[in-house]
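Welcome to a guided tour you can follow in your own viewer. Keep the selection tool at hand, and go at whatever pace suits you.

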Amino acid sequence: MLSFDGLAIRRDLGHGLTLRTIADEGDVERVAAFNTVIHGANVGELVRRICMHHPHIRADGFILVQDEATGQVVSSLSLHPWRWRYAGQELLVGEMGFVGTLESHRGRGLVRAQVSLFKELLREQGCHLSIIQGIPYYYRQFGYEYAVPLENHVRLELHQVPGPVDAPTHTCRPAGQSDFPALVRLYTEATWDLDVYAERDKATWRYIWEQSPGTEMEAEVWLVEDRARQPAGYFRVQKHPLYGPGLTTNEVSRLSPDAAGAVLRQLAALARERGNPFIRLNLPADCMLVRAAQALGAVNQGGYAWQVYIPDPPQLLRAIAPALERRVVDSVYAGLTTDLRIHLFRASLLLRWRTGRLVDVEWLTPAGDWGTLRLPASLLAPVILGHWSWQELARTRPDVAASGEWVPLLDVLFPPLRAYIYQIY
Ligand SMILES: CC(C)(COP(=O)(O)OP(=O)(O)OC[C@H]1O[C@@H](n2cnc3c(N)ncnc32)[C@H](O)[C@@H]1OP(=O)(O)O)[C@@H](O)C(=O)NCCC(=O)NCCS
C-alpha cells in the first residue's frame, strides 16, 4: 500500500552509503528496478504491485541502501506483516523478503546492516515471529532456523492418473470474479485442517485476484463444482513455478475424495495440453489431494522450510498462553502448578504455571541452572511450531537435552503441529 507516515528512517553508513526506508513513489520505482536486476522482471513487478496495491504491506516497510554519489539502490530487503493463527491464537508475523545486494557491493555487510534495522522494526511493530523463505544457510547467522514446512511436494506422473470417468461427481472450471465469495469461504474451510496457518481476508484475496497477474506469483484459480454446480473446492496452478517443468499446484481447499479425483484428472488434462511432463503438488503433506495422488503412486520428494526467528520469546509465549493452557487442561497436568525452566544457554525462560494458568513468562539472565529443557535459542522456533520435537533435535544436537520430573510435560506443551502457509501476495 502506497502509504508513508512521514517518519522515513535515514542513517549514514559511511563510505557514501545511506541506509533508509522507502520515502516516496520514486523510491518504489527504484527498488522495483533494483529487484528486476537481482531477481528478474517478474519479481520487480511484484515489488511494484505490493508497494502500490497490497492492503496490508506498506511501501515504507522496504529498506534500502543507497549510494549517495549515484543515487543508485545497491542493496535492499523488506518487512511484510502477516497475521498467522497458532492453535487458535493470532500472531503478528514479520516476513523478510526481497533480499539482495548488487554484485559490486556484496560481502560488505550491507544486508547485515539492514537486518539490524529490520529487527528494530520487528520489535517496534510487536511481531511475535519473523519468517523468511530464503536461500539455504545464510539466515542462520541472523538467528533464523527451519521451522515451518515450505515447498513440500509430491510428483505424480501423467500415466498414473486414470482417464475420464462417465458421469463424474465433480467438474472443474476456471474461476471468475463472481466466484470470489466462494473462494473466501473455501480458504477459511481449508485452514480448519491446520494448527498453524496464515489468515487471508477479503482485501488480500482481492489483491491476489487483481494484482498477482503479471508478477512472479501469478496463479490460475480453478473452481471445483459438484453435480448441482455448487462450489466444492478450488485449486491454484502456478504460472512461474520455481522448480522444474511440472504443472505445479501450490494451493488447494479441502476436497472430498471424489472432488480430489476430479482435480487430479483435470490437472493431468492441463499438463497434457500444455506439455508439462508431470504434476507437482506443493501442498500440505496430509491434505486430501496429496493423499489421493499418493494412492495413485505419486512420490514424495520432500521439501524445504520457512526459516523462523523469534524476536522476543517471552512475548511469543504470552501470546500463545491460551493455547498452551488448553493443552494442559486436556492432559494429565490439568491444574498444573510449577515453574518450568527452558534454558537457552545465554538466558532462560521461566514459565510460571499456577493452577493450570500460565500466569507469567520471565526472561532470566544469566540463564541459571539447567532446568527441564535446554536448547540453543534458535531451536525454540521449531519446537514451539511443532516442526521438530526436542527428542528429534537431540538425536543430532548433543546440546539439546531434557531432564527431571517435568520432562513429559514438554510433550504436552509442544506437540507436533500441522502447519502450512499459503501466500498473501
Ligand atoms: C545473499 C546476498 C543477499 C548477501 O548480500 P551481502 O550484502 O553480500 O551480505 P552481507 O555482506 O551483509 O552478509 C553478511 C555476512 O554473510 C556472509 N555471506 C554473504 N553471502 C553469503 C552466503 N551466500 N552464505 C553464507 N554467508 C554469506 C558475508 O560474507 C558476511 O559475513 P561477515 O559478516 O562475517 O563478513 C547477496 O549475495 C545476493 O544478493 N545474492 C543474490 C540474490 C539472493 O540470493 N538473495 C537472497 C534471496 S533469499
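## Stop one: a five-stranded sheet

Begin by colouring five strands, which form an open sheet in the order β19-β18-β17-β20-β21, with mixed pairing. Now look at the two ends of that row: β19 (357-364) and β21 (401-402) are the edges, and each has a single partner strand, so one side of each is left without a neighbour in the sheet. Before you go further, please note that this is a predicted model.

Zoom in on strand β18 (residues 348-354) next to β19. How many bridges join β18 to β19? You should find seven, and the two strands run antiparallel. For one facing pair, select L351, which stands opposite V361 in β19.

Next, show helix α9 (residues 321-329). This helix lies across β18 and β19, and it runs at about 125 degrees to β19.

Follow the chain into the loop between β19 and β20 (373-374), where you will meet P366. Select T365 along with P366: the peptide bond joining them is cis, with omega at about -5 degrees.

## Stop two: the domains

Zoom out and colour the chain by domain. The domain assignment gives domain 1 (10-127), domain 2 (153-302) and domain 3 (312-413). How far apart are the C-alpha centres of domain 1 and domain 2? They lie 31 Å apart. To see where these two domains meet, display their contacts: 17 residues of domain 1 touch 17 residues of domain 2.

While you are here, pick out strand β5 (residues 89-101) and find F98 in it. The phi angle of F98 is near 50 degrees, which is a positive value in a residue other than glycine.

## Stop three: a seven-stranded sheet

Now select another open sheet, this one with seven strands in the order β9-β11-β12-β13-β14-β8-β15 and again with mixed pairing. Its edge strands are β9 (170-174) and β15 (299-300), each of which pairs on one side only.

Add helix α4 (residues 180-191) to the view. It packs on the sheet and touches β11 (219-226), β12 and β13, while its direction makes about 90 degrees with that of β12.

Move to strand β12 (residues 231-238) and strand β13 (residues 247-252), an antiparallel pair with three bridges. Click on V237 and then on its bridge partner in β13, T249.

Then try strand β8 (residues 153-157), which has strand β14 (residues 278-282) as an antiparallel partner over five bridges. β8 also pairs with β15, again in the antiparallel sense, over two bridges. Which residue of β14 is the bridge partner of V154? It is L281. Turn to β15, and you will see V154 standing opposite N300.

## Stop four: the ligand

For the last stop, centre the view on the ligand and show the 18 residues around it; T101, G107, G109, R112 and Y138 come nearest.

Three distances are worth checking here, each ending at an oxygen atom of the ligand:

- From R108, a backbone N or O atom lies 3.3 Å from a ligand oxygen.
- From R112, a backbone N or O atom lies 2.9 Å from a ligand oxygen.
- From Q141, a polar side-chain atom lies 3.0 Å from a ligand oxygen.

Finally, switch on a surface. On its own the ligand has 900 Å² of accessible area, and the protein covers 66% of that.

Notes. Residues numbered from 1 in each chain as written. Predicted model: local features only at pLDDT ≥ 70, side-chain atom pairs only at ≥ 80, totals over all residues. Heavy atoms only, no water. Pairing = 2+ DSSP bridges. Helix = DSSP H or I, 4+ residues; strand = E, 2+ residues; numbered from the N terminus. Contact = heavy atoms within 4.5 Å. Axes fitted to C-alpha atoms, helices over the stretch in contact; angles between N-to-C directions. Near = heavy atom within 4 Å. Polar contact = N/O pair within 3.5 Å; in protein donor to acceptor, adjacent residues only side chain to side chain. Areas by Shrake-Rupley, 256 points an atom, 1.4 Å probe, with all protein chains shown as cover. Domains from an automatic or database assignment.
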